[in-house]
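Reader: Could you walk me through this structure and show me how each label is earned?

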Amino acid sequence: MTDIDGKAIASSIRQELKVEVDALTEKGSTPGLAVVLVGSRRDSKTYVNMKKKACEECGIVSFGYDFADTAEETAILEVVAELNANPKVHGILVQLPLPKHMDENKVLNSIKPEKDVDGLHPLNAASLTSTSTHAGSLKLDWNDLNQIPFPIACTPLGCIELLDRSGVTIRGKRAVVVGRSNLVGIPVAMLLMHRDATVTIVHSKTVDAEKVVKEADIVIAAVGKPSLVKKEWIKEGAVVIDVGINSIDDASKKKGYRLVGDVDYENCKEVASKITPVPGGVGPMTIAMLLRNTVNACKRSLQIS
């Protein structure tokens, strides 16, 4: 078994992006990412700070907009409109979740699709589902995700990048995605399909989920249930990508809890050929892909391939 080191891969990507950002800056256009934070959730603040730090490392200009959780929805829509019109801002991210009195879909949909570096706008999500099989359709090279002309959701993108950079062949393989969320499950299934895997999505109503997962060469677990995927579910030699990050009580830890994934890592690693740990697997890749989406959005604004 080999651990897929998401931290190391993400670090390499940030170094590559810094070279690209420096080149763009020399041409007079530095990529800019605006992050809108509403409320005082500690986890959201932590994520935002991590994103700002990563921007600094790569040379991306970071714009921060913080609002109290009592802010009106109209205030958020107004700042998004301003950012949409700002040519120095190439990517806009509204940190989720938003307070309950706000309509998340309305806010997210107000972001210009070309600046939607989270890949959540309906037009970008719809573009991902197009197979471009009809005559006259633009044929996209899904082996080079940098050339895809629209933003793709960061975590699914990170999963594919982990597979590619770990030498895992996707084409022709049987892939099973555990979970069908709009954030991860569905988009990562589409990406796997575009890369010519045979894809099955397992969800809460799947009959005999263990048997279905056991057939997979590649398993991507993104369901938000601690250690759901057991050793018995994994085929010998399968590759396992664990997107889940769940906190469970652990009195032996200083904080009183520890983080685990959706996969029973300690036991599944006995049969998997490659597996991502939690933490340190998919998590760092999500931010790296956010930065890449921002750089690519800048390039598209300049019509640079």
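**How the labels are earned**

Author: Gladly! The protein chain has ten helices and eleven strands; these are DSSP runs, with helices being H or I of at least four residues and strands E of at least two, numbered from the N terminus. This is a predicted model, in which local features need pLDDT of at least 70, side-chain atom pairs count only at pLDDT 80 or more, and totals for chains, interfaces and linings use all residues. Residues are numbered from 1 along each chain as its sequence is written, and side-chain values use heavy atoms, with hydrogens and water left out.

Reader: What makes the radius of gyration of the protein chain agree with a compact globule?

Author: The rule, taken over C-alpha atoms, is 2.2 Å times the number of residues to the power 0.38. For 305 residues that gives a value near 19 Å, and the protein chain has 19 Å, so the two agree.

Reader: Why is C154 called buried?

Author: Buried means under 20% relative accessible area, exposed over 50% and partly exposed in between, using a 1.4 Å probe and protein chains only. C154 has 4% relative accessibility, so C154 counts as buried. C268, at 0%, therefore counts as buried too. Across the protein chain, 47% of the 305 residues are buried.

Reader: How do you know that C268 has no bond to the closest cysteine sulfur?

Author: A disulfide is a pair of cysteine sulfur atoms within 2.5 Å. The closest cysteine sulfur to that of C268 is in C159, 16 Å away, so it is too far for a bond. The whole structure holds zero disulfides. C154 is in none either, with the nearest cysteine sulfur, that of C159, 11 Å away.
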